Amino acid sequence: MVLLGTLVNGGSIIVGSLLGKLLNRIPEKVKGTVMHAIGLAVIVLGLQMGLKSEQYLIVILSLVFGAMIGEFLSLENHLNAFGIWLEKKIGTNGQGSIAEGFITATLVFVIGAMAVLGALDSGIRGDHTVLYTKAVIDGFTALILTSTLGIGVLFSVVPVVIYEGTIALFATQINHVIPNSIMHSFITEMTATGGIMIFAIGLNITGLTKIRVANFLPGIIVVAVIVAIIHVYHGL
């Protein structure tokens with residue numbers, strides 16, 4: 001089953017989020033300290049990912065143009081409005097912002113080599129090992145994030161399943177159409193670009209900044225465009 005790894009990964013996020021929801025009754029003082037700990041850990045994670053770039057100019061251009069597109073589309077405002085609407089519908093008892101939890105978890109779960117390579121392995125070879133490993137990591141991460149950022153983390157399962165599932169379903173075609181050099185470059189620069197976004201999220205979690213990280217999201221698409229342009233240019 002091509003989508004088995006993707007479904008297991010999605011299921012682990014749901015289970016982790018529900019377990020994290022049960023742990024939300026910790027005292028505010030403890031929760032504040034835990035939030036800072038998570039923020040620092042996310043900063044280090046983002047920094048590690050950001051330093052993986054092999055062509056840092058791609059990262060800079062992707063973030064700049066992505067931010068311009070995101071600001072023009074007001075992605076952050078739309079996500080926050082959707083989050084507020086959900087909060088009114090399901091009730092979160094003041095436990096975190098749904099938008100914040102959703103954005104943070106989505107970036108952490110989607111950005112990186114494991115999501116892409118794992119989905120490709122599922123689709124091409126029927127090997128779900130990478131996604132099974134990712135599922136374990138994501139499940140524990142979802143538990144921790146939900147206990148502090150709220151139930152918004154649960155909704156990240158939707159983009160994760162769509163993203164990994166699409167890659168798995170079209171893995172054979174992707175493998176034939178896109179050369180390994182382009183795929184390697186895209187994964188590397190996407191990881192680095194997403195790492196900067198995750199770094200910014202970590203700063204927000206610690207309360208040091210209020211960066212509108214959601215408005216950077218189009219930068220991931222810009223990475224793909226720039227990598228493709230560079231490949232075509234060198235191929236001429």
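I'll start inside the protein: α4 gives the largest share of the lining of the largest cavity, namely four residues. Before going on, a reminder that this is a predicted model.

Where does that cavity sit in the overall count? A search of the whole structure turns up one cavity of 30 Å³ or more. Its volume is about 50 Å³. The residues that line the cavity are L79, F82, G83, L86, I98, A99, F102 and F155. Two elements give two or more residues each to this lining, α4 (75-90) and α5 (98-110). By residue class, the lining has seven nonpolar residues, one polar residue and no charged ones. Glycine is counted as polar here, and G83 is on the list of lining residues.

Now the chain as a whole. How many helices and how many strands does it have? The protein chain has eleven helices and zero strands, so the order of elements from the N terminus is simply α repeated, α-α-α-α-α-α-α-α-α-α-α. The radius of gyration is 18 Å, close to the 18 Å that the globule rule gives for 236 residues, so the chain is as compact as a globular protein of that length. Along the principal axes, the C-alpha atoms fill a box of roughly 60 × 40 × 30 Å.

Next, contacts and burial. Of the contacts with a separation of 6 or more, 84% are between residues 24 or more positions apart. Buried residues make up 47% of the 236 residues, where buried means under 20% relative accessible area.

Last, the outside. The accessible surface of the chain is about 11900 Å², and carbon and sulfur atoms account for 73% of that.

Terms used. Residues are numbered from 1 along each chain as its sequence is written. This is a predicted model: local features need pLDDT of at least 70, side-chain atom pairs count only at pLDDT 80 or more; totals for chains, interfaces and linings use all residues. Side-chain values use heavy atoms; hydrogens and water are left out. On a 1 Å grid over the protein atoms alone, a cavity is a set of points where a 1.4 Å probe fits but cannot get out, and a pocket is an open set with protein on both sides within 12 Å along at least five of seven lines; lining residues have an atom within 4 Å of a point. Grid points are joined across faces, edges and corners, and a volume is the space filled by probe spheres set on the points. The radius of gyration is taken over C-alpha atoms; the globule rule is 2.2 Å times the number of residues to the power 0.38. Buried means under 20% relative accessible area, exposed over 50%, partly exposed in between (1.4 Å probe, protein chains only). Contact means heavy atoms within 4.5 Å. Accessible areas come from the Shrake-Rupley method with a 1.4 Å probe; for residues, only the protein chains shown count as cover.
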